[in-house]
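Here's a quick briefing to read alongside the model. Have the viewer open and follow along by residue number.

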Amino acid sequence: MDLGSGGAGAEALAHAMTDVSLPERLTLVSRSISGRLVFTTSFGLEDQALTHAIFRAGLDVHVEIVTLDTGRLFPETYDLWAQTEDRYGRRIRAVNPDRSGLETLVTGQGINGFRHSVEARKACCDIRKVEPLGRALAGAAGWITGLRAEQSAFRAAVPFAVHDSSYGLIKVNPLADWNRQDLVRYVADNAIPYNPLHDQGVPSIGCAPCTRAVRLGEPERAGRWWWEQESKKECGLHLVPTQTTQEPSHDRVA
């Protein structure tokens with residue numbers, strides 16, 4: 001079935017993805033969405049699971065795997081990037097920040113100026129992540145992500161699929177209903193390479209200056225931009241709707 005990119009198509013896809021395995025979900029996506037599909041990976045545990053499933057099912061013919069190289073990633077993340085390419089024998093395309101925009105940002109706010117205010121941090125995220133994402137998704141009909149409802153209260157309503165009006169495509173979250181135990185088990189059972197920072201108490205890994213280990217009892221994303229208040233503490237990559245049948249809000253998360 002060809003779903004196009006509308007809300008009704010996304011809702012139908014979301015319904016079809018219920019109660020089937022991860023490979024079946026990804027196969028449904030590749031068969032249902034006509035046009036270019038992009039999976040954006042940050043090499044976190046979720047994304048490594050999806051990368052493995054895509055390559056093992058031979059779906060990389062239909063799905064382009066892309067990463068946003070912000071220039072501030074952990075050394076461990078770059079090492080895992082190389083390890084992942086070696087494991088699957090494929091290149092993962094990098095999309096980098098616009099050079100002129102990045103130079104202007106750093107000149108204006110300093111190399112770590114994002115710590116000065118929420119607005120400054122969001123400006124940094126915009127240059128290093130949001131603008132490159134727009135280029136990565138240009139002309140795409142579908143966007144696959146590793147979002148899970150369990151990751152934070154703000155993501156609790158993440159559906160399997162939704163029409164993203166901002167990018168004019170169907171956004172698919174095949175792991176939306178997975179808990180962390182599901183994820184850890186899948187990665188272990190399939191001997192999938194993962195970031196060693198996960199073993200050091202860092203469940204959610206972003207840019208190195210903006211990520212710390214979480215403390216006992218803290219939610220998974222507490223280590224991201226930890227100097228800010230918890231409420232909607234995100235960077236701007238994702239629109240999180242409350243239901244698949246509603247138009248997305250304009251709260252962006254990462």
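What follows runs from the overall picture to one helix, then to salt bridges and cysteines.

Keep in mind that this is a predicted model. The protein has 254 residues, and 52% of them count as buried. Its secondary structure comes to 7 helices and 8 strands.

**Overall picture**

- Take the contacts with a sequence separation of 6 or more: 67% of them join residues 24 or more positions apart.
- The accessible surface adds up to about 11,300 Å², and carbon and sulfur atoms hold 51% of that.

**A look at helix α5**

- Helix α5 spans residues 99-109, and its buried residues are Gly101, Leu105 and Gln109.
- Those three sit on the same side of α5, because they cover an arc of only 35° around the axis.
- What do the buried residues of α5 pack against? Their partner is helix α6, residues 118-137.
- Turn to the face pointing away from the buried side and you'll find Arg99 and Thr107, both exposed.
- At the start of the helix, Asp98 gets a side-chain oxygen to within 3.4 Å of the backbone nitrogen of Ser100.
- Right after α5 comes Gly110, with a positive phi near 90°.

**Salt bridges**

- How many salt bridges does the structure hold? The count is 14.
- Glu85 and Arg91 pair up through their side chains, with an N to O distance of 3.0 Å. The two ends have opposite settings: Arg91 is exposed at 69% relative accessibility, whereas Glu85 is buried at 12%.
- Over in helix α6, Arg135 bridges to Glu131, and their closest N and O atoms are 2.9 Å apart. These two residues are 4 positions apart in the helix, so about one helical turn separates them. Both ends are partly exposed, Arg135 with a relative accessible area of 39% and Glu131 with 34%.
- Helix α7 (residues 180-189) has a bridge too, between Asp182 and Arg185. The N to O distance there is 3.5 Å. Here the spacing is 3 residues, which again means about one helical turn between the partners. Asp182 is partly exposed at 26% relative accessibility, and Arg185 is partly exposed at 46%.
- There's also a network of salt bridges, which links Glu46, Arg148, Glu150, Arg180 and Glu220.

**Cysteines**

- A search of the whole structure for disulfides comes back with 0.
- As a reminder, a disulfide is a covalent bond between the sulfur atoms of two cysteines.
- Why does Cys210 not form a bond with Cys207? The sulfur of Cys207 is the closest cysteine sulfur to that of Cys210, but the two are 5.7 Å apart, which is too far for a bond. The cut-off used for a disulfide is 2.5 Å between the sulfur atoms.
- Cys210 itself is buried, with a relative accessible area of 10%.
- Cys125 is buried as well, at 7% relative accessible area.

Methods: Residues are numbered from 1 along each chain as its sequence is written. This is a predicted model: local features need pLDDT of at least 70, side-chain atom pairs count only at pLDDT 80 or more; totals for chains, interfaces and linings use all residues. Side-chain values use heavy atoms; hydrogens and water are left out. Buried means under 20% relative accessible area, exposed over 50%, partly exposed in between (1.4 Å probe, protein chains only). Contact means heavy atoms within 4.5 Å. Accessible areas come from the Shrake-Rupley method with a 1.4 Å probe; for residues, only the protein chains shown count as cover. The arc is that of the directions from the helix axis to the C-beta atoms. A polar contact is a pair of N or O atoms within 3.5 Å; within protein, one must be able to donate a hydrogen and the other to accept it, and residues adjacent in sequence count only if both atoms are side-chain atoms. A salt bridge is a side-chain nitrogen of Lys or Arg within 4 Å of a carboxyl oxygen of Asp or Glu.
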